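This report describes the pockets and the nonpolar core of one protein model. The sequence and structure come first, followed by the findings under short headings.

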Amino acid sequence: MTPFGEALRRLREKKGVSQKEMAAAIGVSPAYLSALEHGRKGKPNFDFLQRVAGYFNIIWDEAEELFAIAGVSDPRVVVDTAGLPAEYTAFANELARRIRTLPPDVLKQLNDLLEAAKKPA
């Protein structure tokens, strides 16, 4: 599942509609909605996101948050290490091999490190 898939499912369940009902209302197939919710489809396009926001009558701030969540929801990530030192490429490959086996606490530690690295020193 992706962050967007989780958010979409929560919105749909909160409104009390089925995938079939929502799909018909926004002009997509129920199979597509299911694939999004289960993380089998990549991040949706802007047009789809606008239709979802309109369907749920989401205010602009919430829509911006939904769009941001969609932006980090591609289940097939490519990390381009071309031009970087060898250890960056080795790290990216090791992470790709081991991502499925990382326990949640290790994932949180890695995420905390990434967040800390964004802050100015």
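## Ser73 and its surroundings

Which residues does Ser73 touch, not counting residues up to four places away in sequence? They are Thr2, Pro3, Phe4 and Lys43, where contact means heavy atoms within 4.5 Å. The model is predicted: local features need pLDDT of at least 70 and side-chain atom pairs pLDDT 80 or more, while totals for chains, interfaces and linings use all residues. Residues are numbered from 1 along each chain as its sequence is written, and side-chain values use heavy atoms, without hydrogens or water.

Ser73 sits in the loop between H5 and H6; helices (H or I, at least four residues) are DSSP runs numbered from the N terminus. Its relative accessible area is 3%, so Ser73 counts as buried (under 20% relative accessible area, 1.4 Å probe, protein chains only). A polar atom of the Ser73 side chain lies 2.6 Å from the backbone oxygen of Ile69.

## The nonpolar core

The largest nonpolar core (buried Ala, Val, Leu, Ile, Met, Phe, Trp, Tyr and Cys residues joined through side-chain atoms within 4.5 Å) has 21 residues. Those touching the most other members are Phe4, Leu8, Met22, Ile26, Leu33, Phe48 and Val52. At least two residues of this core come from each of H1, helix H2 (19-26), helix H3 (30-37), helix H4 (46-55) and H5. H4 gives the most, five residues.

Not counting residues up to four places away in sequence, Phe4 touches Leu36, Pro44, Phe48, Leu49, Leu66, Ile69, Ala70 and Ser73.

## The largest pocket

A pocket is an open set of points on a 1 Å grid where a 1.4 Å probe fits, with protein on both sides within 12 Å along at least five of seven lines; lining residues have an atom within 4 Å of a point. The largest pocket has a volume (the space filled by probe spheres set on the points) of about 1400 Å³.

Its lining has 30 residues, with Asp74, Val77, Leu95, Ile99 and Leu107 nearest the centre. Helix H6 (86-98) and helix H7 (104-118) each supply at least two lining residues, and the largest share, seven, comes from H6. By class, the lining has 17 nonpolar, nine polar and four charged residues.

## The second largest pocket

The second largest pocket has a volume of about 330 Å³. Among the residues lining this pocket are Arg10, Lys14, Phe56, Glu62 and Leu66. H1 gives the most to this lining, with five residues. By class, the lining has six nonpolar, no polar and five charged residues.

Methods
Nonpolar A, V, L, I, M, F, W, Y, C, P; charged D, E, K, R; others polar. Buried < 20%, exposed > 50% of the residue type's maximum accessible area, 1.4 Å probe, protein only. Polar contact = N/O pair within 3.5 Å; in protein donor to acceptor, adjacent residues only side chain to side chain.
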